[in-house]
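Trainee: Got a minute to go through this one with me? I'd like to start with the overall fold and then poke at the details.

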Amino acid sequence: MNKKLVSAVMVGLMASSLSITGFAGETEATTEAGLDDYSGVKVACIVKTEDNVYWSDMGAAIEEWAKENNATVDMYYAESEENIEGQLAQFENFIGMGYDAICFAPLTSQNLIEGVVKATEAGIVTVNIDESMDFEACRTAGGVVYSNFVTDNELVGKKAADYIAEKLGGEGQVAIVEGAAGNTTSQARTKGATDEFAAKGLELVASEPGDWDRMKSMDVATAMMTANPDLKAIYACNDVEALGVTEAVKNAGKIGEVMVVGTDATADGKASIAKGEETASIGQANTDIGIDSVKSAIEAVKSGFVPKDHVGDEAFPAITYVDSFLVDADNVADYQ
């Protein structure tokens, strides 16, 4: 089990005026004042793999914020994207370790439902970080998730496709390197991009999983370009994949001829954009998402929230959609 204890420096609050919705429908945008004291609550935070910089950067920011604010937060990471049972075992271990709250980013929409149900029964507050679980299934099983801070991933895919369509003048062949098959984030980003490509009149000639893996994405992109020599752009569902796609484009001698648009605007992705290789990336406020998830969990505990009192309550989780942003050669310096 990969564990880090918290360490130091405050990271800023999320942008104001975020749209907060419950499963029952949308409510007016609000901004919480937050607590003056985040000490005295023990939080476990488990996210996806540490070798994905999106999650490791988030984890580091949570650790920094926690030390600055005297909060007790232990960071854990999934061993691999495929070890969904292992992540559940990690989650369930926390229940007997004296934690007041558990923040989590599930590997799939279903794999941590059993853990959330057990946490609810044990009186432990749970908060879903970014990638949403299947909340309806969780409620039906008797689990209560207090809140979820997440990017609108369908909108992320739409933004990428819209950018590509604008650069191509509304015509040309395009492709998508999806994430892992069955992954909800991948499905949402793929749907957003697919729908927007169709709306803008672009021809989607291929859409294949890259499994969030750089080497596999390189191979997938190579095959796509071989089968479709007139291909003009590839959208990749994260920047790990986008960097693999960019390698494939470089190997084919097509930098500047085939656009590569990724997702997450990671440090490596932005460096590639600055070098004129990866074309663009749709960024997310991952550090704010992580920090505000932990803050929400601590606030829930301190307010006396009792999960068992809200079983089946469609007001939970309260969902905060965090806006995404485009990074390309024109503005990459502003984000580095």
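Mentor: Sure. The secondary structure of the protein chain comes to 11 helices and 15 strands. Keep in mind that this is a predicted model.

Trainee: How compact is the protein chain for 336 residues?

Mentor: Its radius of gyration is 20 Å, close to the 20 Å that the globule rule gives for 336 residues, so the chain is as compact as a globular protein of that length. Along the principal axes, the C-alpha atoms fill a box of roughly 60 × 40 × 40 Å.

Trainee: And what share of the residues counts as buried?

Mentor: 53% of the 336 residues. The chain exposes about 13,600 Å², and carbon and sulfur atoms supply 48% of that.

Trainee: What about contacts over long stretches of sequence?

Mentor: Take the contacts between residues at least 6 apart in sequence: 77% of them join residues at least 24 apart.

Trainee: Can you show me one such pair?

Mentor: Try Leu 35 and Glu 299, which are 264 residues apart in sequence but 6.9 Å apart in space, C-alpha to C-alpha. Leu 35 lies in the loop between strand E3 (25-26) and strand E4 (42-47).

Trainee: Which residues is Leu 35 in contact with, leaving aside its neighbours within four places in sequence?

Mentor: Ile 298, Glu 299 and Lys 302. Leu 35 is still partly exposed, at 29% relative accessible area.

Trainee: Got another pair?

Mentor: Asp 195 and Glu 154 are 41 residues apart in sequence, with 9.5 Å between their C-alphas. Asp 195 is found in helix H6 and counts as partly exposed at 38% relative accessibility.

Trainee: Switching topic: how many cavities of 30 Å³ or more does a search of the whole structure find?

Mentor: One. About 140 Å³ of space lies in it. The general idea is that rolling a probe the size of a water molecule over the atoms shows where empty space is left.

Trainee: What lines this cavity?

Mentor: There are 14 lining residues, and Lys 48, Trp 55, Glu 131, Arg 189 and Asp 264 lie nearest the centre. Helix H1 (53-68) and helix H6 (184-199) are the elements that give two or more residues to the lining.

Trainee: And how do the residues of that lining divide by type?

Mentor: Three are nonpolar, five polar and six charged.

Trainee: OK, now pockets. What volume does the second largest pocket have?

Mentor: About 360 Å³. Its lining has 18 residues, with Ser 132, Met 133, Phe 135, Val 150 and Tyr 321 nearest the centre.

Trainee: Which elements supply at least two residues each to that pocket's lining?

Mentor: Strand E8 (147-151), helix H5 (153-168), H6 and E14. By type, the lining divides into seven nonpolar, seven polar and four charged residues.

Trainee: Let's look at backbone oddities. Where is there a cis peptide bond?

Mentor: From Phe 316 to Pro 317, with omega near 0°. Pro 317 is in the loop between helix H10 (286-302) and strand E14 (318-322).

Trainee: Any positive phi values to look at?

Mentor: Asp 130 has one of about 60° although it is not a glycine. You'll find Asp 130 in the loop between E7 and H4.

Trainee: Is Asp 130 buried or exposed?

Mentor: Buried, at 5% relative accessible area, which is under the 20% cut-off. Trp 212 also has a positive phi, near 60°, in a residue other than glycine. Trp 212 sits in the loop between strand E10 (203-209) and helix H7 (214-227), and it is buried at 11% relative accessible area.

Trainee: Last topic, helix H3. Which residues of H3 (residues 113-121) are buried?

Mentor: Ile 113, Gly 115, Val 116, Val 117, Ala 119 and Thr 120.

Trainee: What covers them?

Mentor: The cover includes helix H2 (84-95), strand E6 (101-104), strand E7 (125-129) and helix H4 (135-141).

Trainee: And what follows H3?

Mentor: Gly 123 does, and its phi is positive, near 80°.

Conventions: Residues numbered from 1 in each chain as written. Predicted model: local features only at pLDDT ≥ 70, side-chain atom pairs only at ≥ 80, totals over all residues. Heavy atoms only, no water. 1 Å grid on protein atoms, 1.4 Å probe; cavity = no way out; pocket = protein on both sides within 12 Å on 5 of 7 lines; lining within 4 Å. Points joined across faces, edges and corners; volume = space filled by probe spheres on them. Helix = DSSP H or I, 4+ residues; strand = E, 2+ residues; numbered from the N terminus. Nonpolar A, V, L, I, M, F, W, Y, C, P; charged D, E, K, R; others polar. Buried < 20%, exposed > 50% of the residue type's maximum accessible area, 1.4 Å probe, protein only. Contact = heavy atoms within 4.5 Å. Rg over C-alpha atoms; globule rule 2.2 N^0.38 Å. Areas by Shrake-Rupley, 256 points an atom, 1.4 Å probe, with all protein chains shown as cover.
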